[in-house]
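Reader: I have a structure here that I'd like to go through with you before I set anything up. Could you take me through it piece by piece?

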Amino acid sequence: MTASSLTLAERIENVLAAACLGDALGAPPEAMYPGDIPALFGGKITRFFAPTPMAPFSIGSAPGSLTDDATQMLAMAEILIESKGQPTLADAARGLIRWSDDPRGFGRFAGPTTKAAIDRLKAGEDPSVVATPPLYSASMGTTNGAAMRAPVAGCVRPGDITGAVDVASILSAPTHNTQISWSGAGAVAAAIAAGLARDGRISLADAAMAGAEAGEKLAVTRGRFAAGPSVIRRMELALTIAERFKGDVDGAMNELGAVIGAGLPMAEAVPTAIGLVVAEGNPWAVIVAAANAGNDCDTLALIAGSIAAAWTDAIGAPDDLVAELKLVNGLDLGAVAAELAAVAPR
């Protein structure tokens, strides 16, 4: 970890840019077996491609297009700006309903938990009960939707792990209100909050673990408990793997994917993302490794890239690729970052 020479707004812009790069780079190979990716794309993916005819979600999208992951995150950024950094459950629900009208996200990509919850929100149901299914469900509220939104929670609470976890839980509550989702989202938000502060008080691994523990505790009073693996225990395993593969980003990704997974469950993607960043701190290297992991690789690359970017001043991605990303998606990440920085408590 090094002290930052950038303003808070510039650091936040890096987090947003890395998240969007990961999402767009990982969209074409999403759901694929990682061993099939090199043959289909002519090697490792390091630039934007049009999705192949086999792509289950992004088929027909222009190269570099964002999916539900980054568009949800940016929708929550708008809500944080509008609420002056103090969002309520109603604010989060309003942001999700607004996001559901974005053709890049809801209609084509929305996950099972998010889609079911937003359908109920649009029907006028109370946001405080929508995320709790009427019957026990094996996956409702335990998938990656909460982690997609969590980076901006960390952005508006730099240096404040408890505050970042609290905001992450609010943003996720209308669709994901379980100990699993809040533990994963808390880990992401806390890791980014600590990275943006970079004051030397806590390591990335310790920040993520503290966030995961805080998120799980919130579910005791504000959420619910669902069946599924512990994000905390999976993170412990991921960090052990990361130590074995320090500096070997591809080796770390292969091992993390094989042992923990890179799929839709929160207990796969977030621990693997944390482990990958601990093994290799370079944001671009992390994004490329995650995007080539197959399965839910766009989500994994968004999470891992945003965390890594919070801990360094340079993403390391090719400038022309960043320019293409902004052009294809009409992004002004500098403006969004400046407004997020303005509502972040000092």
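Author: Let me begin with a term: a nonpolar core is a set of buried Ala, Val, Leu, Ile, Met, Phe, Trp, Tyr and Cys residues joined through side-chain atoms within 4.5 Å. Please keep in mind throughout that this is a predicted model.

Reader: Fine, so how many residues has the largest nonpolar core, and which have the most contacts inside it?

Author: The largest nonpolar core holds 118 residues, and the ones with the most contacts inside it are I274, L276, I307 and L340. Helix α10, which covers residues 179-197, gives the most to this core, contributing twelve residues.

Reader: And what does L340 touch?

Author: Leaving aside residues up to four places away in sequence, L340 touches I12, L16, A77, L80, I81, V152, C155 and V156.

Reader: L16 rings a bell; how do α1 and α3 pack?

Author: Helix α1 (residues 8-26) packs with helix α3 (residues 68-82) at an angle of about 155°, and their axes are 8 Å apart. An angle over 145 degrees counts as roughly antiparallel, and α1 and α3 are therefore roughly antiparallel to each other. On the α1 side the contact is made by L16, A19, C20 and D23, and on the α3 side by D69, A70, M73 and L74. By class, this contact of α1 with α3 has six nonpolar, no polar and two charged residues.

Reader: What about A27, where is its place and is it buried or exposed?

Author: A27 sits in the loop between α1 and α2 (37-41). Its relative accessibility is 5%, and since buried means under 20%, A27 counts as buried. Not counting residues up to four places away in sequence, A27 touches S58, S65, T67 and D298.

Reader: Changing topic, how many aromatic pairs does a search of the whole structure find?

Author: The search finds one aromatic pair. The ring centres of F41 and F49 lie 5.2 Å apart with the planes at 65°, so the pair is edge-to-face. F41 is buried, with a relative accessible area of 8%, and F49 also counts as buried, at 18% relative accessibility.

Reader: Last one: what can you say about the chain as a whole, in helices, strands and burial?

Author: The chain has 18 helices and zero strands, and 60% of its 346 residues count as buried. Its C-alpha trace spans about 50 × 45 × 40 Å along the principal axes. Among contacts between residues at least 6 apart in sequence, 76% join residues at least 24 apart.

Conventions. Residues are numbered from 1 along each chain as its sequence is written. This is a predicted model: local features need pLDDT of at least 70, side-chain atom pairs count only at pLDDT 80 or more; totals for chains, interfaces and linings use all residues. Side-chain values use heavy atoms; hydrogens and water are left out. Buried means under 20% relative accessible area, exposed over 50%, partly exposed in between (1.4 Å probe, protein chains only). Helices (H or I, at least four residues) and strands (E, at least two) are DSSP runs, numbered from the N terminus. Contact means heavy atoms within 4.5 Å. Rings of Phe, Tyr and Trp (its six-membered ring) pair if their centres lie within 6.5 Å; planes under 30 degrees apart count as stacked, over 60 as edge-to-face and the rest as tilted. Axes are lines fitted to C-alpha atoms, for helices over the stretch in contact, and angles run from 0 to 180 degrees between N-to-C directions. Angles under 35 degrees count as roughly parallel, over 145 as roughly antiparallel, 65 to 115 as roughly perpendicular and the rest as oblique. Ala, Val, Leu, Ile, Met, Phe, Trp, Tyr, Cys and Pro count as nonpolar, Asp, Glu, Lys and Arg as charged, and the others, Gly among them, as polar.
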